[in-house]
Amino acid sequence: MANDKEKSKSEGEPTESKVDTSRPREPSFYEAQKGWKSWAFTLDHKRLGVMYLLSTMIFFFIAGMSAILFRTELLTPQGDFLPWLNQQLAGMMGQPISIEEAAAQSGTTYNKLFTVHGAVMVFLVIIPSVPGALGNFLLPLMLGAKDVAFPRLNLASFWIYSLGAIFFLYTLFMGGLDTGWTFYTPYSTNTGTAVISATAGAFILGFSSILTGINFMVTIHKMRAPGMTWYRMPLFVWAIYATAVIQVLATPVLAITLLLLMVERTLGIGIFDPAMGGDPVLFQHFFWFYSHPAVYIMILPGFGIESELIAVHSRKHIFGYKAIALSSVAIAIISFVVWGHHMFVSGQSELAGIVFSFLTFAVAVPTAIKVFSWVATLYKGSIAFNTPMLYGLMFLFTFTIGGLTGVFLGTLSVDVHLHDTYFVVAHFHYVMMGGTIIAFIGGIHHWWPKMFGKMYHEGSAKIGALLVFVGFNTTFFNQFVMGGQGMPRRYYTYVPQFQEQHVLSTIGAYILAVGLLWTATYLLYSLRKSNDAPVADNPWGGASLEWQTQSPPIEHNFHDTPRVTTGPYNFPQIDRTGEVDGH
Amino acid sequence: MILSMFMGPPTEAAQEVAKNTETVATVEPPWETLHSWAPLPEASTFAPGTETLYMFIVWLSTFFFVVVMGAMFWFMYRHRRRGDDDKTSSITHNGKIEFLWSAIPAVLLLVVFVWGELDFIKQSVLPPDAIDIRITGRQWSWTVEYPDYPGVSFTSSTETPEVVMMVPKGRPVRLTMTSTDVIHSFFVPVFRVKRDVVPGRYTNLWFEATQVGEYNMYCTEYCGEQHSKMTGVVKVLEPELFEAALLEAGKLERGDGEEDKVYGARIYKRRGCDACHSTDGLAKTGPTWKGLWGRTETMKDGSTVTIDGAAGENYISESILDPNAKIVSGFGGAQMPSFRGQLSDEQIKALIAYMKTL
Amino acid sequence: MSSHDAKAMRPGAIDPPMPLAHHFDTPGQQAGSAKFGMWVFLATEILMFSGLFLAYFVVRMLYPEMVLSSHELLDKTMGGVNTVVLLTSSFTMAMAVRAAQLGDQKGVVRNIILTILFAFVFMGVKYVEYTGKFAHGIFPGKYFDYVAAGEYAREHGHVLAGKPHIFFGLYFVMTGLHGVHVLAGIGVLTWVLLRARKGEFGPRYYAPVENVGLYWHIVDLVWIFLFPLLYLVR
Ligand code: HEA
Ligand code: HEA
Ligand code: CUA
Ligand SMILES: [Cu+2]
């Protein structure tokens with residue numbers, strides 16, 4: 001264990017940049033080895049991080065594009081775009097069909113599209129993205145370690161993830177899946193689509209997730225540099241730690257749930273199928289026991305990024321460090337006992353509903369603490385409006401809306417009305433897209449120079465951020481209104497009353513797509529060879545360890561194992577002359 | 001039930017309604033008259049309560065949102081970076097304020113919780129004296145039956161939403177619901193009620209309508225291909241008119257001088273055959289009815305049936321009353337529910353007449 | 001490094017040094033990481049099985065009579081034998097770890113071989129049990145043959161109540177998943193055996209033996225729960 005004794009009473013001297021400029025630059029980890037094998041069999045957490053970044057972004061693109069397709073369908077109340085598309089596709093495959101035939105298939109096409117969208121977004125994008133990409137890259141750097149505790153396991157995790165992803169893609173092309181990402185029985189045991197390969201994919205992905213979680217937990221416990229006490233860890237590390245705990249505790253339950261579902265479908269053992277004497281609602285309990293904690297697997301890393309963005313770009317000590325760190329842990333614990341709030345109208349007992357509603361509100365309080373602390377961090381800071389910070393501020397805006405609307409859903413009588421309407425759709429996009437993904441994009445910009453040693457074009461980035469912000473809110477805000485008026489979710493066709501709102505939403509989605517494609521473009525463009533403008537090792541003036549080494553880092557991260565004497569938010573700009581405010 | 005005992009011969013009012021309900025299938029759909037951003041009507045005794053709480057949370061959220069965003073934007077302006085050597089404050093925490101911003105939301109949330117819980121309990125306790133309605137969900141139609149009015153039943157259609165449920169204003173209604181296949185969910189937005197309809201068990205729901213009118217009803221649990229078409233219209237009537245109108249509309253009786261095939265076409269829609277059988281040649285869940293008459297079907301067990309003459313009529317009526325007796329190859333067995341006791345011989349005859357025209 | 005005690009080492013004992021991976025600073029850190037990681041992994045295993053136990057309890061709550069009557073068809077003797085076999089193998093596994101700590105290379109090899117043998121015995125008994133069940137139409141879920149199984153039950157003086165296909169569905173899933181773990185155990189035991197024969201383990205480095213041992217104890221522990229729940233219902 002790192003020595004807790006070394007923890008000094010005051011937080012010590014502010015960190016000056018420790019990068020030793022007198023030393024000649026060493027080759028970065030990219031240059032240390034070459035060739036495809038140096039990637040495919042790498043044990044370097046940084047390379048794995050880059051590989052995760054690339055693959056999750058590819059899946060983000062696939063899932064996003066399927067959203068664009070079904071949003072286009074929702075431009076009109078009756079189904080007409082997908083039938084047209086199906087007809088064109090069939091024509092291209094050399095089996096022309098009439099528009100009526102195409103129309104008869106298109107309800108299922110819509111259902112497959114939103115299932116692919118939801119399942120890929122959840123299992124292949126949002127759960128692995130931040131831990132896999134940024135967690136892998138940054139965790140050892142932030143702790144002052146040479147690598148994660150089990151580099152081989154880390155590599156295995158990545159390839160297991162890829163295997164699971166292949167199963168998913170196979171599902172996509174072999175008939176698709178139409179159960180929704182929730183796999184509710186008995187529909188999922190009856191439908192003719194590829195449920196087995198999809199659940200097998202999710203099962204495998206679960207293993208990857210568990211292994212990553214174990215690896216990170218051990219790394220945080222055992223690999224901290226001398227002097228890196230628990231309370232000197234950056235909040236991103238705390239967030240990843242809480243995430244890892246949930247991953248390790250909840251994912252096995254998902255694994256067993258999916259296993260039971262597969263067995264149910266192949267052998268018909270009958271525990272979920274009412275026709276065979278089973279209980280269909282039991283599946284929902286199993287599923288949400290995992291999937292509610294999973295929503296915090298999705299958001300906690302986003303919280304972690306947010307803490308870094310806000311502190312570094314306002315150059316101020318984060319407000320309420322311990323409260324933020326420990327509230328992550330509190331959220332991790334409480335999140336295991338609120339799953340029933342997805343089932344208020346499912347026919348579970350009233351008492352269960354009341355208990356789950358109460359606990360749901362309990363989990364909102366630690367989240368509130370975080371939001372207030374971030375805002376308080378801005379107070380008397382020195383706020384720079386560069387792109388990472390724009391995303392950080394955007395996160396505060398959108399996530400707060402998402403969180404507050406969670407309160408509507410946690411309220412029993414109100415959820416009876418709102419359950420399974422677009423209100424829920426809007427809620428979870430505000431927390432997942434507006435929370436995690438926005439924070440993730442901010443994080444990518446923040447650590448881009450760290451990861452690649454290049455800087456993107458700031459002006460383009462600002463335009464991108466604006467498009468994302470406008471597009472996102474246009475897409476999803478009026479979905480709250482629509483849901484409140486009773487527009488059910490997972491509807492291929494709808495009553496004409498809602499058309500104006502759906503059109504608005506689709507326009508928003510197009511703007512959002514343009515914004516994201518724009519973002520991907522300038523980021524990739526910045527990587528080109530000719531962009532050799534030297535990037536400072538520490539462009540934002542960050543004080544945590546990952547900034548105290550070369551950018552991109554050398555193969556073993558640090559020249560010498562760093563000795564930590566101070567916390568991660570002791571910026572040199574902090575005015576310590578008065579020292580009264582502090583305590 | 002009680003009301004039906006007092007039922008006399010059709011009153012003038014009832015005849016008046018009867019004229020209106022003729023148009024049941026072609027009534028102007030309620031969604032054409034509503035507007036996108038218009039507030040949702042509150043048409044049950046629960047609706048005002050839910051709406052008040054909803055608005056309370058809206059204002060509570062707005063308050064917190066404005067406070068948080070106000071502070072954020074103010075700090076963004078006030079403490080924007082002016083130069084690279086700006087000094088920043090050394091504040092790291094403040095116990096008092098941290099306690100306050102944990103405790104105040106906690107208390108407010110507790111208020112919201114208790115309020116929502118009380119309303120929820122009100123919705124869970126079924127009233128003893130109410131009109132009973134039985135609801136059966138299946139892919140993808142609703143069947144609504146009135147145990148107190150034997151023979152009265154509605155089945156929704158996936159083609160054009162139409163009236164599938166009639167309830168009187170000002171009287172509690174108690175629904176007992178179940179499903180024959182997968183989970184569905186019964187939802188009427190204007191009443192603010194919703195409950196899952198689960199196969200293998202019965203779930204309950206009650207409400208009391210307070211406004212006469214026609215309102216949308218949806219299936220809100222994803223149930224497959226035509227989930228979005230599993231909709232219908234709930235009609236709320238003045239209590240005096242209710243019974244007569246219900247009997248008139250629900251009986252699905254042959255109109256005066258209505259031809260067999262026209263009557264059959266109506267049954268096809270009103271009994272939900274259209275959810276699985278098309279009339280245009282496309283196979284849906286079940287075989288198409290186009291050209292059914294005269295066709296030779298191969299069964300799962302290899303035998304063949306030629307649907308013609310008296311044998312054909314027998315086969316069809318067997319298929320309706322006991323669908324699993326012979327299963328057409330290429331289709332799943334046990335998909336089609338039996339309509340024994342729900343369709344009279346006369347109605348089957350009408351259906352056959354209709355099939356012959358296709 | 002509790003048992004690194006030179007006096008306890010027998011003559012001829014070996015003590016190879018611990019290979020230290022580049023990213024660790026000390027052997028203690030490395031061994032500690034491995035052990036901590038293993039414990040967390042075992043926690044996930046327990047949680048996975050607890051999902052199945054939960055399903056079992058739900059079924060038992062829904063159909064108490066059915067579970068009671070169905071379990072009579074399971075062979076308590078064979079289950080009991082397997083319990084003893086697994087417990088013994090846990091003991092030999094513990095002995096293997098101890099031998100590694102003492103640098104007794106022969107002891108490590110011998111005890112691991114014994115453990116693997118017991119594992120095979122366990123799987124053999126399971127094989128006999130499974131085929132015996134299949135012979136009487138007792139298959140999981142929808143393949144359950146009510147006629148043959150009912151017949152079989154009557155021969156043994158029992159009456160099958162309710163929906164035994166659910167009970168046996170769960171029985172096969174639970175014991176099957178456990179069996180998969182035993183097979184995986186045989187795999188990792190063989191791997192450790194090969195390394196032990198090369199003389200890789202000693203008082204300073206025995207983490208792999210210890211971790212495989214922990215895994216094996218968990219597999220044993222799961223069976224300790226499975227046995228009474230499935231075979232000895234009351
Ligand atoms: C990133 C993921 C994420 C996060 C963080 C959350 C956060 C929360 N969620 Fe959400 N949720 C989802 C993802 C997420 N959710 C998904 C994916 C679904 C749908 C799944 C599906 O059906 O497909 C869902 C569905 C869902 C439901 C079920 C709805 C239904 O189907 O009927 C409920 C009900 O209670 C709920 C509640 C909450 C609450 C109370 C929070 C809280 O944690 C929020 C706390 C935050 C705040 C409250 C804001 C900040 C606080 C303040 C500014 C302080 C002041 C506030 C007050 C005093 C009110 N969520
Ligand atoms: C991470 C989670 C996530 C994210 C980000 C999104 C993003 C989006 N979602 Fe999704 N959504 C879900 C998770 C998510 N969704 C889930 C779980 C469901 C429920 C499914 C179910 O019911 O089973 C759902 C359902 C859902 C519905 C309801 C469907 C229905 O009920 O009928 C709708 C409708 O509008 C929708 C729309 C969108 C849109 C327009 C986006 C847009 O934001 C998408 C924009 C993205 C792109 C256009 C891709 C472009 C990306 C790149 C080019 C790469 C960029 C690279 C860098 C920036 C580096 N989603
Ligand atoms: Cu029935 Cu959706
Ligand atoms: Cu939840």
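Q: What makes the approach between an oxygen atom of ligand 2 and the side chain of Tyr110(A) a polar contact?
A: In this predicted model, an oxygen atom of ligand 2 is 2.6 Å from an N or O atom in the side chain of Tyr110(A). A polar contact requires a pair of N or O atoms within 3.5 Å, and therefore this pair qualifies.

Q: Which other residues of chain A make polar contacts with an oxygen atom of ligand 2, and how do you know that they qualify?
A: The side chain of Arg489(A) places an N or O atom 3.1 Å from an oxygen atom of ligand 2. For Arg490(A), a polar backbone atom is 2.6 Å from an oxygen atom of the ligand. The elements of chain A that give two or more residues to the shell around ligand 2 are α3 (45-73), α5 (99-143), α15 (422-452), α16 (458-484) and α17 (499-526).

Q: What makes up the shell around ligand 2, by class and by element?
A: The shell has 26 nonpolar, seven polar and three charged residues. Its largest share, eight residues, comes from α3(A). In total, 36 residues surround the ligand, and the closest are Arg71(A), Tyr110(A), His117(A), His429(A) and Arg490(A).

Q: How do you know that His117(A) and His429(A) coordinate the iron atom of ligand 2?
A: The NE2 atoms of His117(A) and His429(A) are at 1.9 to 2.0 Å from this iron atom. Donors are N, O and S atoms within 2.8 Å of such a metal, so both NE2 atoms count. The pair links distant parts of the chain, with His117(A) in helix α5 of chain A and His429(A) in helix α15 of chain A, 312 residues apart. Both histidines are buried.

Q: Why is the site of the iron atom of ligand 2 called octahedral?
A: The site has six donor atoms, with angles of 87 to 179° among them. Six donors count as octahedral if opposite donors are over 155 degrees apart and all others between 65 and 115, and the site is therefore assigned to that class. Ideal angles for six octahedral donors are 90 or 180 degrees.

Q: What makes His427(A) a donor to the iron atom of ligand 1?
A: The NE2 atom of His427(A) is 2.2 Å away from the iron atom, and His427(A) is its single donor from the protein. Since the limit for a donor is 2.8 Å, this nitrogen qualifies. His427(A) lies in helix α15 of chain A. The iron atom of ligand 1 and the copper ion (ligand 4) are 4.7 Å apart.

Q: Why is Glu264(A) called buried?
A: Glu264(A) has 4% relative accessibility, and it counts as buried because the cut-off is under 20%. Its place is in helix α9 (residues 235-267) of chain A.

Q: Which backbone atoms does the side chain of Glu264(A) reach, and what makes these polar contacts?
A: The side chain of Glu264(A) reaches the backbone nitrogen of Gly270(A) at 3.1 Å and that of Ile271(A) at 3.1 Å. Each distance is within the 3.5 Å limit for a polar contact. Residues that Glu264(A) touches, beyond four places away in sequence, include Thr189(A), Phe272(A) and Asp273(A).

Q: Which residues of helix α2 of chain C are buried, and against which elements do they pack?
A: In this helix (residues 64-71), the buried residues are Met66(C), Val67(C), Ser69(C), Ser70(C) and His71(C). They pack against α1 (27-62), α3 (76-102), α6 (164-197) and α7 (207-231) of chain C.

Terms used: Residues numbered from 1 in each chain as written. Chains lettered and ligands numbered in written order. Predicted model: local features only at pLDDT ≥ 70, side-chain atom pairs only at ≥ 80, totals over all residues. Heavy atoms only, no water. Near = heavy atom within 4 Å. Polar contact = N/O pair within 3.5 Å; in protein donor to acceptor, adjacent residues only side chain to side chain. Helix = DSSP H or I, 4+ residues; strand = E, 2+ residues; numbered from the N terminus. Nonpolar A, V, L, I, M, F, W, Y, C, P; charged D, E, K, R; others polar. Donors = N, O, S within 2.8 Å, 3.2 Å for Na, K, Ca; no water. Tetrahedral: all angles 85-135°; square planar, octahedral: opposite > 155°, others 65-115°. Buried < 20%, exposed > 50% of the residue type's maximum accessible area, 1.4 Å probe, protein only. Contact = heavy atoms within 4.5 Å.
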